[in-house]
Amino acid sequence: MPAGTALVVGAGFSGAVIGRTLAEAGWSVQILDARPHVAGNCHTARDAQTGVMVHVYGPHIFHTDDVEVWEYVNRFMPFQPYRNQVKTTVRGAVFSLPINLHTINQFFGRVMRPEEARSFVAALADPSITAPQTFEEQALSLVGRDLYEAFLKGYTVKQWGMSPQELPASILKRLPVRFNYDDNYFFHRFQGMPRDGYTALVERILDHPAIELQLGTTFQRAQADNADHVFYSGPIDAWYDYEHGRLGYRTLDFERFTASGDWQGCAVMNYGDLEVPFTRITEHKHFSPWEQHDLSVLYREYSRVAGPDDIPYYPIRLAAEQSQLTRYLERAKREKHVSFVGRLGTYRYLDMDVTIREALDCARAFLAAQQPRPFPLAHRRSATGARAPL
Ligand SMILES: Cc1cc2nc3c(=O)[nH]c(=O)nc-3n(C[C@H](O)[C@H](O)[C@H](O)COP(=O)(O)OP(=O)(O)OC[C@H]3O[C@@H](n4cnc5c(N)ncnc54)[C@H](O)[C@@H]3O)c2cc1C
């Protein structure tokens, strides 16, 4: 007899990690995904024409400081070393990101050492802005107009579809500049790529006799009644039939093209100029430098507001969406039979490592709540009947 039955909606990292944790604890787990593949937005697939492993929904680099999460993913697949080094094309020249000493020296035609550059950038910052409210004010107060207009403004307008004067200062939390030549995009201790791609990794997480996976299957509310508990990693507003309106997302369009050899020399090239309609070009072969391919496949990436039939990518989370979300969360808190998880279930941007951390914590808290309680509470309902919420 299984310890209980769980229905998991979504076979991305959230659903897979929760499903695996429950299955290992003796639960019978059914996982549904509307898509024909697992791994959600992290899905990777070999491009039929070039043989290159493609990040189908946009580039994904695994990076974390969480030792347990790093060991967890490596348990299922070896990771190859990978260092994310992003470039940007602006005003007809190529610069290094995040803005670092190389970027500053190149942009201003100078040869400054770290402390000289620090003083130089400090002198560019606008001292009249003491309490920045908008993204633009924040950027001007940190780096001044020249660096802001070249490296932050155009990309932000294209990515968010609105002026940085309308975006909150909180998006740009800290000084986006390094005063050394470190061009590693991430600060985390561990960084890498799963050797055979994210989809193979998630398939291995799901490979457990107690897990039944149904792909190409959209969740219907009636299915919830067949399980002791539902873990839902779909959009929270869809669960409530958009009762408080649709939560806003940005979506992405990818324009595929191929080339021979090495087309741009790096995995990700941003385009900061407003006149260029796309935000970046990804050359997927550079995510697997241990493989050899004569041909290359690239995606030009365009960002726009998501319509009802588009894939939701980035939650917008401005004031209007925050107030809608609050209403959905009020309802979600009262649910006993369903836990809302993952980037869509909680309407947050989550990196993969945070997604896995939250999924592990969620499943473990759920299992802990199922443990029979010591006397005098031992008469309470059995594990399968308890339907404990999180
Ligand atoms: C462009 C882009 C780039 C990113 N790059 C990085 C990166 O470099 N590094 C990093 O750490 N993170 C990155 N991320 C974040 C990463 O994609 C997320 O952390 C991860 O996808 C979250 O997993 P999830 O399972 O919560 O959601 P998802 O991956 O979205 O999975 C949810 C699944 O639920 C399914 N589903 C939804 N509703 C239903 C329904 N009603 N019925 C059946 N199935 C349903 C969907 O089909 C989907 O497969 C990036 C995100 C984006 C958008």
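This report describes a parallel sheet, two helix environments and one buried strand residue in a predicted model.

**The sheet**

Five strands make up an open sheet, and their order across it is β10-β2-β1-β11-β17. The pairing is parallel. In general, strands of a sheet pair through backbone hydrogen bonds, in either a parallel or an antiparallel arrangement. The edges are taken by β10 (211–215) and β17 (338–340); each has a single partner strand, so one side of each is left without a neighbour in the sheet. On average, neighbouring strands of this sheet are turned by 15 degrees against each other, direction ignored.

One pairing within the sheet can be followed at residue level. Strand β1 (residues 5–9) pairs with strand β11 (residues 229–232) in the parallel sense, over four bridges. Val 8 stands opposite Phe 231 in β11.

**Helices α1 and α6**

Helix α1 and helix α6 pack against each other, and the table gives the residues that each brings to the contact.

| Helix | Residue range | Residues making the contact |
|---|---|---|
| α1 | residues 13–24 | Phe 13, Ala 16, Val 17, Gly 19, Arg 20 |
| α6 | residues 198–206 | Val 202, Ile 205, Leu 206 |

The packing angle is about 25 degrees, and the axes are 8 Å apart. Because angles under 35 degrees count as roughly parallel, α1 is roughly parallel to α6. The crossing of α1 and α6 is left-handed.

**Helix α3**

Helix α3 covers residues 101–108, and its buried residues are Leu 101, Thr 103 and Ile 104. Viewed down the axis of α3, these buried residues fall within an arc of 160 degrees, so they line one face of the helix. They pack against β8 (93–96) and α4 (114–124). Just after α3 comes Gly 109, which takes a positive phi of about 60 degrees.

**Thr 44**

Thr 44 is in strand β3 (residues 44–46). A residue is buried if 20 or more other C-beta atoms lie within 10 Å of its own; Thr 44 has 24 C-beta neighbours inside 10 Å and therefore counts as buried. Leaving aside neighbours within four places in sequence, the contacts of Thr 44 are Met 53, Val 54, His 55, Val 56, Gly 197, Tyr 198 and Thr 199. Tyr 198 and Thr 199, both in contact with Thr 44, fall in the range of helix α6 (residues 198–206). Arg 304 is 260 residues from Thr 44 in sequence, and the two are 23 Å apart in space, C-alpha to C-alpha.

Methods: Residues are numbered from 1 along each chain as its sequence is written. This is a predicted model: local features need pLDDT of at least 70, side-chain atom pairs count only at pLDDT 80 or more; totals for chains, interfaces and linings use all residues. Two strands pair if DSSP finds at least two bridges between them. Axes are lines fitted to C-alpha atoms, for helices over the stretch in contact, and angles run from 0 to 180 degrees between N-to-C directions. A residue is buried if 20 or more other C-beta atoms lie within 10 Å of its own, exposed if 12 or fewer, and partly exposed in between; C-beta atoms are placed from the backbone. The arc is that of the directions from the helix axis to the C-beta atoms. Two residues are in contact if their C-beta atoms, placed from the backbone, lie within 7 Å. Angles under 35 degrees count as roughly parallel, over 145 as roughly antiparallel, 65 to 115 as roughly perpendicular and the rest as oblique. A crossing is left-handed if the near helix is turned anticlockwise from the far one by less than a right angle, and right-handed if clockwise.
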